[in-house]
Amino acid sequence: MSPTPTSLAVLGATGGIGRLALDRALQRGHQVRALVRPNSSLEYTHTNLTVVRGDATNVDDVSRLLEGTSAVLSAIGTPPRARTPARTLAAHATIEAMQRTNVHRLVAISVYGVGTTRPHLPFFTRAVVFPLFLRRVIADHVTQERAIEDSAVDWTLLRPPYLTDGPATGTYAFDFGDDIDGLTWTISRADVAHHMLDAVERGTHVRAALGLSYRRDAA
């Protein structure tokens with residue numbers, strides 16, 4: 001059964017997961033409003049797509065994006081060495097804009113290894129990769145999550161591990177808690193985008209943070 005079409009706002013629409021989420025939303029009949037930086041381009045045309053120029057960290061720009069929408073998909077990304085906590089700044093702007101525009105639903109991308117998932121990381125990732133190579137980006141994910149979790153919106157946080165460019169399979173594990181045996185610690189960007197739309201369309205996992213991964217016996 002197809003979902004009832006609705007109007008969605010997409011942040012990070014020119015990035016890997018964001019663009020795939022935008023594509024999937026349009027394929028499933030939703031109206032989509034995508035925020036694109038003034039100096040960036042989204043080479044895409046569709047009758048159900050509206051491109052809004054602005055900055056994801058500016059509450060006025062995000063408020064314009066959210067006009068007439070019913071949910072927000074946030075896939076904001078930054079380079080690993082970025083010094084500006086763009087995810088956190090965008091989270092604060094998004095939450096305030098949602099309050100202004102009376103939009104309640106938010107699905108946002110975080111990363112596996114934040115919050116309660118950190119102890120489950122492979123030792124090398126937890127002890128070497130995160131603190132030495134991804135310190136700033138992980139700190140940004142942490143404060144982004146804190147801002148979202150402390151808000152009054154109906155949020156869902158998705159925590160994927162290592163991302164690949166594989167196809168959408170729909171056969172991934174999620175909400176597995178401490179049951180991490182047999183995980184591959186990988187998932188395709190397409191499957192993360194798949195779950196973003198699924199969470200919105202089904203109204204599931206409200207105020208929950210979920211890990212996403214493939215299992216070896218299903219990969």
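**Exercise 1. Find the order of the eight strands in the open sheet, and say which strands stand at the edges.**

Step 1: Eight strands (DSSP runs of E, at least two residues, numbered from the N terminus) make up an open sheet, ordered 3-2-1-4-5-6-10-8. The pairing, which takes at least two DSSP bridges between two strands, is mixed. Keep in mind that this is a predicted model, where local features need pLDDT of at least 70, side-chain atom pairs count only at pLDDT 80 or more, and totals for chains, interfaces and linings use all residues.

Step 2: The edges belong to strand 3 (49–53) and strand 8; each has a single partner strand, so one side of each is left without a neighbour in the sheet.

Step 3: Now look at strand 3 and strand 2 (residues 31–36): they pair in the parallel sense over five bridges. Here V36 stands opposite R53 in strand 3. Residues are numbered from 1 along each chain as its sequence is written, and side-chain values use heavy atoms, with hydrogens and water left out.

**Exercise 2. Which strands does helix 2 lie across, and at what angle does it run to strand 2?**

Step 1: Locate helix 2 (a DSSP run of H or I, at least four residues) at residues 59–66.

Step 2: Helix 2 lies across strand 1, strand 2, strand 3 and strand 4.

Step 3: Helix 2 runs at about 160° to strand 2; angles go from 0 to 180 degrees between N-to-C directions, with axes fitted to C-alpha atoms, for helices over the stretch in contact (heavy atoms within 4.5 Å).
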